[in-house]
Protein chains: 2
Amino acid sequence: MSTVMSAPDEVEQLLRTHGVQVTAQRLAIMRALSMRPHATADDLADEVRAVIGTISRQAVYDTLGVLVDKNLIRRIQPAGSAARFEDRVGDNHHHLICRSCGTMFDIDCAVGSVPCLTADDDHGFEIDEAEVVYWGRCPTCRNAPGTTSSPTTSSTRSSND
Amino acid sequence: MSTVMSAPDEVEQLLRTHGVQVTAQRLAIMRALSMRPHATADDLADEVRAVIGTISRQAVYDTLGVLVDKNLIRRIQPAGSAARFEDRVGDNHHHLICRSCGTMFDIDCAVGSVPCLTADDDHGFEIDEAEVVYWGRCPTCRNAPGTTSSPTTSSTRSSND
DNA sequence: GTCTAATACTTGACTGAGTCCAGAATCGAT
DNA sequence: ATCGATTCTGGACTCAGTCAAGTATTAGAC
């Protein structure tokens, strides 16, 4: 594609060090995701198309699958919505979702550490993850009860902006 | 349908007191659900058909929607699976799901009370529910690494049987 | 720089969960 | 028993995600 690489990109390095083959599509998806956390596969496809022209749905799903597998991104699947993705991995943070508009926030673990990871009775399970989702109504929707904007994924916001 | 009702059924009472019109389909769905917690809409349709002959998919979804709305049942939607339903409401219990076979257990809240309900920073949200899902591998799948049975909803078990 | 095997991407068809709609059936109050 | 309101049926549809076959790209060997 381009013989003259513009700079030994940080994202590119990340992929290589994790044994993921580097392609234009994968770079674009990674970049799109870092700009837009909590995006759906479809959102990312749109975002990527705006940058590199075209990408197939299959490539998007495949790439996301690989990245999740390599632990470079995380898949979140809230009830009643398509799967969403984020590039914050490693820290045990949770999510706060508005029932009316679907806006999603990151929040740190309730008690600061990892208390939720230990179930009272684990039934002999080997537990590897505790997923916590807080449901409610965001300030905007509380103030405008009639104007419940339909859940758009573009309405996702980062926790610290 | 039957003018001679066999007994002022507990389920029937429950529906009436919650202002839900009583129909054969609704009773059957409620009963099916109490016998088979964590069932999908499709599971319930099958179960109901075995009892009252036929039911349309729409009736199942509609009924489940009404019941969830009236807070008589609860909808759970784990990643990668159809929505599941259970008749345990009110208590703040959580779920434990096996990654390989999809088996789902009820577990009581980690610390005994409702600690997970309070987020560290609520972003101005009006939080009404904290959903906690523990992911891992069940004892059966741990002992039989090759024989990972495909996720069947019929493999759901109750916490206390 | 060129070649080649392995890997990734594209296209198009398909599945499964869930929704929408219009007409038929049922419920329950009178 | 009748009637209005509610619910159920059946069929078409949407949306997220997967499968499979063929083409293109990557990365390592020459």
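A nonpolar core is a set of buried Ala, Val, Leu, Ile, Met, Phe, Trp, Tyr and Cys residues joined through C-beta atoms within 7 Å. In this predicted model, the largest such core has 22 residues. Leu96(A) and Leu96(B) have the most contacts inside that core. The briefing then turns to helix α2(A), Val48(A), a sheet in chain A and the surface near DNA strand D.

**Nonpolar cores**
- Chain A gives two or more residues to the 22-residue core from each of β4 (94–98), β5 (104–107) and β6 (126–137).
- Chain B does so from its own β4 (94–98), β5 (104–107) and β6 (126–137).
- Another core, of 16 residues, lies apart from this one.
- Among the residues of that other core are Leu44(B), Val48(B), Val60(B) and Phe85(B).

**Helix α2 of chain A**
- Helix α2(A) covers residues 24–35, twelve in number.
- From first C-alpha to last, α2(A) reaches 17 Å, close to the 16 Å expected at 1.5 Å a residue.
- Its buried residues are Arg26(A), Ala28(A), Ile29(A), Met30(A), Ala32(A) and Leu33(A).
- An α-helix has 3.6 residues a turn, so residues three or four places apart point the same way.
- The cover over the buried residues of α2(A) includes α1 (10–17), β1, α3, α4 and β3 of chain A.

**Val48(A)**
- Val48(A) sits in helix α3 (residues 41–52) of chain A.
- Val48(A) counts as buried because 25 C-beta neighbours lie inside 10 Å; the cut-off is 20 or more.
- Leaving out residues up to four places away in sequence, Val48(A) touches Gln25(A), Ala28(A), Ile29(A), Ala32(A) and Ile55(A).
- Met30(A) is 18 residues from Val48(A) in sequence, and the two are 9.4 Å apart, C-alpha to C-alpha.

**Sheet in chain A**
- Three strands make an open sheet, ordered β1-β3-β2, with antiparallel pairing.
- β1 (39–40) and β2 (74–76) are the edge strands, each pairing on one side only.
- Two bridges link β1(A) with β3(A) (residues 84–86).
- Thr40(A) has Arg84(A) in β3(A) as its bridge partner.

**Surface near DNA strand D**
- DNA strand D is surrounded by 24 residues.
- The closest are Ala83(A), Gln25(B), Ser56(B), Gln58(B) and Ala59(B).
- From chain A, α3 and α4 (57–69) each supply at least two residues of this surface.
- From chain B, α2 (24–35) and α4 (57–69) each do likewise.
- α4(B) gives the most, with four residues.
- By type, the surface divides into nine nonpolar, eleven polar and four charged residues.

Definitions and conventions
Residues numbered from 1 in each chain as written. Chains lettered and ligands numbered in written order. Predicted model: local features only at pLDDT ≥ 70, side-chain atom pairs only at ≥ 80, totals over all residues. Buried ≥ 20, exposed ≤ 12 C-beta atoms within 10 Å, placed from the backbone. Contact = placed C-beta atoms within 7 Å. Near = placed C-beta within 6 Å. Nonpolar A, V, L, I, M, F, W, Y, C, P; charged D, E, K, R; others polar. Pairing = 2+ DSSP bridges. Expected span 1.5 Å × (residues − 1).
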